[in-house]
Amino acid sequence: MTSKIIGVGNYIPPETITNLFFDQHHFINKNGESLKEPNDIIARKLKEITGIEERRYASEHQVTSDLGLIAAQRAIENSKIDPETLDYIIFAHNFGDVRFGTVQSDSVPSLASRVKHLLKIKNNFCVAYDVLFGCPGWIEGIIQANAFIKSGIAKRCLVIGAETLSRVVDAHDRDSMIYADGAGAAILEASEDNSGIQSHLSASYTLNEKDFLFFGKSYNNESCPDTKYIKMDGRKIYEFALVNVADAMKKCMDASGYSIDQLDKIIIHQANEKMDEAIVKRFYQLYDLPMPENIMPMVISKLGNSSVATIPTLLTMILNGELPSHEIKEGNVVLFASVGAGMNINSFVYKF
């Protein structure tokens with residue numbers, strides 16, 4: 001027995017934020033010094049490195065659980081199930097509900113409990129809990145749901161990934177231009193055919209890598225001395241991911257029983273276009289092969305990095321036929337992979 005995806009849904013927020021939005025920002029480095037380059041040059045370099053031209057922000061009245069609810073409702077509708085039959089609701093996020101104009105994170109009760117309440121599920125034995133695992137949180141939720149299903153603890157699980165990173169960025173840090181808001185969800189169900197999750201892998205690198213992504217003070221020490229924001233060491237993350245993510249992907253692929261020439265798509269966390277391309281190229285180099293054309297769908301140019309939401313958002317778009325150059329057909333083998341704060345890495349191989 002394994003588990004397979006029977007429904008997907010996403011929510012792409014309505015507010016499109018182009019790189020021009022940051023034209024009047026006062027960017028500062030970690031030493032508190034103003035950046036010498038004009039903002040249009042900073043934005044151009046950002047696009048060259050990450051591929052990001054636009055990102056989406058949630059409306060002012062929305063919080064993370066609101067986005068997750070919409071994605072969940074769409075996944076339920078897509079799967080045509082009765083939500084009362086869900087055994088688990090697993091909600092992956094990192095910062096809870098942060099209301100617009102505030103800096104306080106609200107995670108009590110859990111965001112999963114909030115979604116269950118708003119779905120009006122009466123079944124008390126539908127267990128709702130949150131996962132905090134950095135950007136790989138949604139994949140980790142999928143892996144946990146699969147474990148529940150394979151063990152017989154559950155028959156059907158809803159896994160949500162949602163984030164409003166626009167609420168936790170330092171406006172004086174140019175890295176704030178990377179982050180976005182969004183939500184995606186999937187429903188897993190027990191399966192006895194040969195489709196579904198074929199293998200999976202998770203790892204946490206904490207000895208020397210723990211603080212590659214962290215919560216730190218604003219670069220503007222005068223106006224924001226006590227508030228903390230998402231921070232990262234981009235160079236260290238790039239070097240870490242290039243080696244360790246590719247190696248983990250190979251280990252997961254080899255454990256699936258499928259050969260590399262049977263792999264149809266790689267759906268990787270939309271973190272940085274050049275970094276993702278480098279990871280996938282290295283993955284194929286481990287098999288002494290060139291990276292195939294059209295193997296890796298990317299939507300970061302228009303949607304930015306919405307953390308746990310990037311992979312389920314992209315998967316939904318492909319399955320709904322919204323990316324003309326990419327499709328997933330019955331029998332296709334797809335490798336999913338992510339990396340993020342922790343530093344955490346995970347992956348799974350799925351046969352559709």
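**Asp-288.** I looked up Asp-288 in this predicted model and found the residue exposed, with a relative accessible area of 70%. That value is over the 50% cut-off, so I logged the residue as exposed. I placed Asp-288 in the loop between helix H6 (273-285) and helix H7 (300-303). Its phi is near 60 degrees, a positive value although the residue is not glycine. I noted this because most residues other than glycine have a negative phi.

**Ser-307.** I then went to Ser-307, where phi is also positive, near 60 degrees, in a residue other than glycine. This serine sits in the loop between H7 and helix H8 (310-319). Is Ser-307 buried or exposed? I read a relative accessible area of 2%, so Ser-307 is buried.

**Cis peptide bonds.** I checked omega next, because most peptide bonds are trans. Val-108 and Pro-109 are joined by a cis bond with omega about 0 degrees. I found Pro-109 in the loop between strand S4 (88-92) and helix H3 (111-118). A cis bond also runs from Gly-342 to Met-343, with omega near -5 degrees. Met-343 belongs to the loop between strand S12 (333-340) and strand S13 (344-351).

**Two domains.** The assignment I used splits the chain into domain 1 (2-192) and domain 2 (198-351). I have their C-alpha centres 15 Å apart. How many residues of each domain are in contact with the other? I have 54 from domain 1 and 50 from domain 2. Between them the domains bury about 4,300 Å², and carbon and sulfur atoms account for 63% of that area.

**Polar links across the domains.** I count 4 salt bridges between domain 1 and domain 2. For a salt bridge at side-chain level I looked up Lys-302 and Glu-53, whose nitrogen and oxygen lie 3.4 Å apart. The tally of residue pairs in polar contact between the two domains is 23.

**The domain 1 side.** Which elements each supply at least two residues of the side of domain 1 that touches domain 2? I listed strand S1 (2-11), helix H1 (39-50), strand S3 (54-57), helix H4 (137-151), strand S6 (156-164) and strand S7 (181-191). H4 gives the most, with 7 residues. Sorting this side of domain 1 by class, I entered 25 nonpolar, 16 polar and 13 charged residues.

Technical notes:
Residues numbered from 1 in each chain as written. Predicted model: local features only at pLDDT ≥ 70, side-chain atom pairs only at ≥ 80, totals over all residues. Heavy atoms only, no water. Domains from an automatic or database assignment. Contact = heavy atoms within 4.5 Å. Buried area = accessible area lost by both parts, 1.4 Å probe. Polar contact = N/O pair within 3.5 Å; in protein donor to acceptor, adjacent residues only side chain to side chain. Helix = DSSP H or I, 4+ residues; strand = E, 2+ residues; numbered from the N terminus. Nonpolar A, V, L, I, M, F, W, Y, C, P; charged D, E, K, R; others polar. Buried < 20%, exposed > 50% of the residue type's maximum accessible area, 1.4 Å probe, protein only.
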